[in-house]
Amino acid sequence: MAIAPPGVFFNNALGYFLSALDATMVLQSDVEVWQWFALLMGAIALFFWLRQRRFSPPKTAWESNVHLRDRALAASCNGIVISDARQPDLPVIYVNPAFERITGYSAAEVLGKNCRFLKGSDCDQPELTQLRAALQAGKPCIVILRNYRRDGTLFWNELSISPIYDSSGTLTHFIGIQTDVTERKQFEAALQQAKDQMRAILDAVPGVVSWINSDLRYIEVNRHLAATFNLPPEDFVNQQIGFIKHRSSAQFAELMAHFFASSTAEISQETVVEVDNQERNYLLVAQKYDRDRAAFSVGIDITERKQAEEALRATTSRLTALMANLQASVLVKDEWQRVVLINQTFCDTFGIATPPSELIGTDFSEFSEQQKCRFAEPEKFVQRWTEILKNRQVVTNEELLLADGRTFERDYVPIFVEENYCGNLWMYRDITQRKQAEKALLVTQEELRQALAKEKELNELKSRFISMTSHEFRTPLSTILSSAELLEHYRHKWTEEKQLSHIQRIQIAVNHMVHLLNDVLIAGKAEAGKLEASRTRLNLEKFCRELVEEIQLSSQNQHEIAFSCQGKCTDCYLDEKLLRQILSNLLSNALKYSPLGSAVTFQLACQELTVDNNCSQGEQVVIFQIQDQGIGIPVGERELLFDSFYRATNASHIPGTGLGLTIVKRCVEAHGGQISVNSTGVGTTFTVTLPMAVEDRKI
Ligand code: ADP
């Protein structure tokens, strides 16, 4: 071994000395002791160094142990403090590096001081009382204190105090071992907070919650579960789960026993539990944890939900039955146009082969476009569909005509839940039969109305007939009666000539009555629709001339009727009887309502009516025009003249029945012809146009 130079020797000696110093308790309280102790230790270090250098003898076991303990104290992770119990106020005489590291105070700063500075101003700690009592009594104790580092930050100090007694039993020192348990305390605090939160949550859970050991004992239960059995939660801890003598408790115990016996990690099942003498439905969920040594169980009362489900199921099945049996086509869609509900009638109506149940959830946004051709106006159908969807307004009984002639009625209902639009309902009904029935009803109503009007007209006719006959028949009847009475009483006194004149009066009156009755009969026949033209070949011109003569004679030639004829009217096909009614009524009226001796003209024209400017053959007609210079017809009454029994206001002083023109009009119509009247103040002109080659009508 090479000998070190004097400088190296010195350094090594100092190293031994310093290491010995480091491993030695620092006895600050007694400077002299310290100085002597240092010198002694230095000498011992020097001695050992020299021995090692010259003889290298081995250390003694005691020395090695001391050295090892000193090194252990220094290397300890725990802070170590030694206080001198023999001095007042227990001054610190030693702190190890771990103390310095934990507290931030250096040894120099703390030696000679009492350790209480570590608690800062945080004096309100019950553990301090405990600590003081132990120090006072010279007994060991372990406390956890809130201490403060040099920089003021808090750390939790688990302090273990051990009193040291000498051989005479005198308390000499206290050794304090500090452990920084801040992290543990923080973890415990966090754990406690998490536990509190968990308990708050589980207590708030509207269900029964429990933790159970695999030996079927309660670890813990929530408040709700405990309250169900009127017990505090603590009463359950460590109890066998069937400890409550209740059917539901026994049921639960059995269930959990099976669960733990099985290899299943979790179960979820519905069960009926008797609570307060009522059967309630519970959903029980349990999950194993801690390597299947415990389980967590939650039971939720689902009675209301079950009842609601049952009610919903009943409603749904009623709704489904209703939908299936409904004659209307029903479609309910959500806000994204997906089918929510659809019935078979809808599918049948719109030719959808897929069963309704398979259509649920399918996209129906293209429905209007796909179905538009079924409707009479396809584009209008699409346009209206889009408009309805956009407006989101209820639409009811909207009629749609289909291309095949059927009629549908449509309803649209937007569906809102709490003012949020969430879909729509469409309903279609085939109302074709109803529409037809309505139409038929309308026709029937119209027919009924017409029948009623006819009835009313007939009633009016009857009353007018009664008033007319009572008036018109009275005169000839009284004439007949008076002439007959006179003849009865005085005929033997009268000349034959006078008797004859009374007989003629009777005959004229009777003829007049016969004429009246004829008119009534013809008018009645016409009103009953039984007047029919039966055309025969006729020399019309000759017929008219003879009629004119006849009428002139019967009026005793008091009027001149000027007849003229245009065209070839010798070969016509007309109903002679009806023609006679037409012309005799018009001619006799012309005479009756004209002053004596005034001119009456009767023009007959057989001609072809020109239809247009082409050379095509027009219609062959015969036109009669009878014109007088008489009293005329007041404005506003001309159209009424053709009604049965109607008489103009200016004709009341002239006898008449008001039936003549009614008969004329019906006879004209039976020939398919027309009649018009023209009266401009003085005189009246009636024009009758009869077609020669049309089918005659039954009037
Ligand atoms: P009547 O002559 O018996 O009263 P009609 O039916 O023949 O019945 O005529 C109806 C009414 O038409 C007459 O009451 C009269 O007021 C009016 N009338 C018909 N012909 C003429 C005529 N040529 N000039 C003026 N009034 C006429």
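## Ligand site

The ligand sits in the largest pocket. The model is a predicted one. Around the ligand stand 21 residues, and those that come nearest are N589, Y593, R647, T657 and L661.

By class, the residues of this shell divide into 11 nonpolar, seven polar and three charged. Two helices, α19 (residues 576–592) and α20 (residues 660–670), each supply at least two residues of the shell around the ligand. The most comes from α19, which gives three residues to the shell.

## Polar contacts and cover

Three residues can be named for their N or O atoms close to the ligand, using a cut-off of 3.5 Å for a polar contact. In the side chain of D628, an N or O atom is 2.8 Å from a nitrogen atom of the ligand. T684 also faces a ligand nitrogen atom, with a polar side-chain atom at 3.4 Å. For A648 the contact is made by the backbone: one of its N or O atoms there lies 3.0 Å from an oxygen atom of the ligand.

On its own, the ligand has 520 Å² of accessible area, and the protein covers 98% of this.

## Disulfide

The count of disulfides comes to one. The pair is C569 and C606, with sulfur atoms 2.1 Å apart, inside the 2.5 Å cut-off for such a link. The link of C569 and C606 is right-handed, with 130° about the S-S bond.

C569 lies in the loop between strands β17 (residues 560–566) and β18 (residues 572–574), while C606 belongs to strand β19 (residues 599–609), so the disulfide ties together parts that are 37 residues apart in sequence.

How values were computed
Residues numbered from 1 in each chain as written. Predicted model: local features only at pLDDT ≥ 70, side-chain atom pairs only at ≥ 80, totals over all residues. Heavy atoms only, no water. Near = heavy atom within 4 Å. Polar contact = N/O pair within 3.5 Å; in protein donor to acceptor, adjacent residues only side chain to side chain. Areas by Shrake-Rupley, 256 points an atom, 1.4 Å probe, with all protein chains shown as cover. 1 Å grid on protein atoms, 1.4 Å probe; cavity = no way out; pocket = protein on both sides within 12 Å on 5 of 7 lines; lining within 4 Å. Sits in = over half its atoms within 2 Å of the grid points. Helix = DSSP H or I, 4+ residues; strand = E, 2+ residues; numbered from the N terminus. Nonpolar A, V, L, I, M, F, W, Y, C, P; charged D, E, K, R; others polar.
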